[in-house]
Each structure stands twice: as structure tokens, then as C-alpha cells.
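The following exercises ask you to read a protein model residue by residue. Work through each task before consulting its solution.

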Amino acid sequence: MKKVLSLIITILTISTLQVEAQSDGFAQLLKAAPGDAEKLLNAYATPLFKGFGTGLNNGWTNTAKTKGFLHFEVRVSASGVFVPTADKSFDVTQIGLTGNIKPIPGSSNITPTVAGDNGMTPTTLGIYSNNNVLIDQFTLPKRITPVIPAPQIQATIGLVKSTDFTVRYIPKTKISTDLGSVGMIGFGVKHNIMNDIFTGLSRQLAPFDLAIAAGYSRLNYELPVEVRPGAGKVPDAASASKTDFSTQRIEGHFSGFNIQAIISKKLLFFTPFAAVGYNVARTNVGLLGNFPVSNAIATYTVYTDPVNININSINNVKVDAGFQLDLAFLKFYASGSLAKYKSVTAGVGLGF
């Protein structure tokens, strides 16, 4: 069962998946403290959760100017989110693990997160019985990436009264058998306040554009997995009725909401902008279904939905600055964001 932890982490980072057999050692850990795997995953993947949340809230707009009625634009962009030093590692003795799991002698308490420093040696944890006898041991994962990536795909249309409406959408798409399925949906709105102040012919006198914008998006991820009882093992008395393993899966839901004020000024084909706003994101990740875990030589215990992480991953002020280049129907965008998790975003769009 210790491989389940590595399995979840690998999937969440869109890396190569390899489902491996259970380990009786980690099965003993799960029997003693089912929450330990959840705590380890949460600590290790915190930069991933915050990075996805930050990226979902990026890329909505690069100008306060709104489009004309029924004018449209389709854009594709991507963010790179940088992890602060404080979230590059964690102390395994400070996350609330039970006494049955602790570093083996000679192994450091400090281990890298998913975005840790390159070359940092992961901690090796020992699984101990209630009599402090070492049952098994396993090494936590290494860092996977120094930067958390996040894509944005959206279409915007101009409505009446200087208002734009934006839709983000990726239909549920199966990436592959190993990587599972992903989908996204989101909605945004932007209103140019300056066009309420300067109306009619006087709009040409407006010194700049000033808008209020808000956006919400949600990324869904699902991967069916298959973990079966070891050969020759039978369920213990408490698990005799839990024989259906067909619904085993990993599900992840990442949502983000931001609201911001944007100021910009178009200078021929170049439009610089600045924005300040509030950024919120939530993460829900679960290992769902019935999972058999060996508890002795001949028997196993079944745990239902053994991992469920549900947290507010981002909740802070964000400042953006960047520009938009308008080359007829072709547009280029770039911006940077200042927050606890700094990021950069760049993209290209088509429209008028």
C-alpha cells in the first residue's frame, strides 16, 4: 500500500503512471493509522495544489479595454508558478504522523516536496509495530519539478454596455490509459468602468481604461486504478462484505476564483496593463473505492475511500502587470504576478 502514495503523487503531476503491487509494510501502517498516507501526500503535494490554484486564476485578461458588441477572441496561454523556499521541503516529524511511522536512524527529518531543491535526499520512513519493532521502511519521493505548470484555454465575446463574457472549457478528455482523464470549465466577466464615465463621443477623451473583472474555473481529473488482494489472501471478518474493487479511482478537483481591478492604456498596437485583486483556490483530492490492504500472511482488510484531501490552497492578494500586442487578428500576451506564489503567463490569441 505504500505504492499508493507514490501513485497519487505521480498522477497529480501528470507524470508516467505505473501501478505497482501492495506492500505488507505499508498495509500495517494503514491498519494502525489510515490518515498517515493522507498527511504525507498533503505535505508533499502542497506546492502542486497551490500552483494549480494560482495557475487557474491567471490569464483571464491582459487589458481593461472591453470588446465591441459580438466581437470575439480565442486564446491559449500557459503559466509557470514558482514555489517559495518555505514550501520546498517539510519536516516529517511535524505533520502529525502517528508513532508507528518515523524516520529510520540516520535519515533526516527534512524531505523535499514535489518542487523541492534539486539533489535533496528524501527521508526514509520506518513503519514500526506497537512494540517499536521495525516492520518495513520506504523512501519518500524526490522532487519532480521546480515550476508548477498550468494551461488556460478560453473564448471571449463582447456584450452590450462595455462588458465581456469569457468561457473556459475542456471537455472530459482521456489523455491515455495510464494518465486518465481531464476536463475544465470556467466563466469570467469584465466591465469597463471608464465607458460609464465617458460616454458617446467623449470616450475618446478617456485617459485610460479601467475595468473590474472576475473569473471562476474548475479543473477535474480522474484515473481508474486497480489494486487487488494478494494471491491466496482472504478478507478478514470486518471486510467479508467488501468484495467490489471495480470502482477504484483517483479523483482530483481544483477550483479557483479571482476578482481584480485592471488599468491599461492602448498605445498603437501595444497595451501595457496593471491589476490588483484577490485570489482564492480550493483543492479536493481523493483515493476512492474499496482498497484491500494485507494485515497478516493470509488475510487483508478493506478500506473504503482511504484518502481525502479538501483544503483552501490559495487565499491572498495578487498584483499583475504585463502587456498585450495587437497585430490585426493575431494577439500576443505576457504578464507576471506577485503573490506568495509568483508566476509568469504567456499566450497567443485570435480575434477582433
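**Exercise 1.** Determine whether K331 is buried or exposed, and describe its salt bridge.

*Solution.* The model is a predicted one. Step 1: the relative accessibility of K331 is 6%. Step 2: buried means under 20% relative accessible area, so K331 counts as buried. Step 3: K331 forms a salt bridge with D326, and their closest N and O atoms lie 2.7 Å apart. Step 4: the partner, D326, has a relative accessible area of 12%, and it is therefore buried.

**Exercise 2.** Classify K172 and E222 by accessibility, and state where each member of this pair lies in the chain.

*Solution.* Step 1: K172 and E222 form a salt bridge, with 3.6 Å between the closest N and O atoms. Step 2: this pair links distant parts of the chain, since K172 belongs to strand β8 (residues 163-176) and E222 to strand β10 (residues 209-224), 50 residues apart. Step 3: the relative accessible area of K172 is 64%. The cut-off for exposed is over 50%, so K172 is exposed. Step 4: E222 has a relative accessibility of 26%, which means that it counts as partly exposed.

**Exercise 3.** Identify the residues linked with R75 in a network of salt bridges.

*Solution.* Step 1: R75 forms a salt bridge with E73, in which the closest N and O atoms are 3.1 Å apart. Step 2: both R75 and E73 are buried. Step 3: the network of salt bridges links K67, E73 and R75. Step 4: for the structure as a whole, the search finds eight salt bridges.

**Exercise 4.** Locate L140 in the chain and decide whether it is buried or exposed.

*Solution.* Step 1: L140 is found in the loop between β6 (134-139) and β7 (147-158). Step 2: its relative accessible area is 6%, so L140 is buried. Step 3: P122 is 18 residues from L140 along the chain, and the C-alpha atoms of the two residues are separated by 5.6 Å.

**Exercise 5.** State the average pLDDT of the protein, and explain why residues 1-32 call for caution.

*Solution.* Step 1: the average pLDDT is 84, and 88% of the residues score at least 70. Step 2: over residues 1-32, pLDDT stays under 50. Step 3: for these residues 1-32, the model has 93 contacts beyond four places in sequence. Step 4: where pLDDT is low, predicted coordinates should not be read in detail.

Terms used: Residues are numbered from 1 along each chain as its sequence is written. This is a predicted model: local features need pLDDT of at least 70, side-chain atom pairs count only at pLDDT 80 or more; totals for chains, interfaces and linings use all residues. Side-chain values use heavy atoms; hydrogens and water are left out. Helices (H or I, at least four residues) and strands (E, at least two) are DSSP runs, numbered from the N terminus. Buried means under 20% relative accessible area, exposed over 50%, partly exposed in between (1.4 Å probe, protein chains only). pLDDT is the predictor's confidence in each residue, from 0 to 100. Contact means heavy atoms within 4.5 Å. A salt bridge is a side-chain nitrogen of Lys or Arg within 4 Å of a carboxyl oxygen of Asp or Glu.
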